[in-house]
Amino acid sequence: MKYTFSIMVVILFGMSACSSQKKLVEQAPFSVEKPTCTPFDGGVEASGSGFILQLPISMQTDDDITFEKVFFRGHILDPEWVTEDGKRFLQCRYLRKSMEKPDIIMHDDPMMEVGNQPPGAIIEKEEFPFELKPEEAVIAYQHKGKTVYTKIIGIKDKSPLIFPGRQNN
């Protein structure tokens, strides 16, 4: 009997604790048909690399929906509307940051090193709130004044785009 009260308290706290996992809805007022991810590489390190995520959206209702974020492969992306060949879709671009380091002066005389920049401040990375497979993404959107999350599956990888680097002759 004395353990019953303790068990009830643990259960109540467990049920009322804040959840860091966002709630996903099953039925969204839109559908995503044949989403694709296209990796790209600029050919030289300075030009960058990354991927383009394209989400063809078909609206099922005339509701006012604003797309806010897309969660994909550990990245939180900002979507934008794009029209190509008469088709309208959401597109997210991810550009990997260059790992290039600035030149540093190393010298016996510390005064010669005065111009060196200190290492950049460590920026806290926003915690990724979903566990997703590589072919899955979550779309966050505003619907009727409330932020809603829905999962899409079946994202196909397309052939990479490789842009040749410029040679200086």
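The legends below describe close-up views of the salt bridges in a predicted model, which holds 3 such contacts.

**View A. The salt bridge between Asp 78 and Lys 69.** The side chains of Asp 78 and Lys 69 form a salt bridge in which the closest N and O atoms are 2.5 Å apart. Lys 69 has a relative accessibility of 33%, and therefore counts as partly exposed.

**View B. The salt bridge between Arg 73 and Asp 157.** Here the side chains of Arg 73 and Asp 157 meet with an N to O distance of 2.9 Å. Because Arg 73 lies in the loop between strand 4 (65-72) and strand 5 (75-77), while Asp 157 belongs to strand 10 (residues 156-157), the pair ties together parts that are 84 residues apart in sequence. With a relative accessible area of 31%, Arg 73 is partly exposed, whereas Asp 157, at 52% relative accessibility, counts as exposed.

**View C. The salt bridge between Glu 136 and Lys 151.** In this pair, the closest N and O atoms of Glu 136 and Lys 151 are 3.8 Å apart, a separation that satisfies the criterion of a side-chain nitrogen within 4 Å of a carboxyl oxygen. Glu 136 is located in the loop between strand 7 (87-95) and strand 8 (137-143), and Lys 151 is located in strand 9 (residues 146-152), so this salt bridge ties together parts that are 15 residues apart in sequence. Glu 136 has a relative accessible area of 10% and is buried, while its partner Lys 151 is partly exposed, with a relative accessible area of 36%.

Definitions and conventions
Residues are numbered from 1 along each chain as its sequence is written. This is a predicted model: local features need pLDDT of at least 70, side-chain atom pairs count only at pLDDT 80 or more; totals for chains, interfaces and linings use all residues. Side-chain values use heavy atoms; hydrogens and water are left out. Buried means under 20% relative accessible area, exposed over 50%, partly exposed in between (1.4 Å probe, protein chains only). Helices (H or I, at least four residues) and strands (E, at least two) are DSSP runs, numbered from the N terminus.
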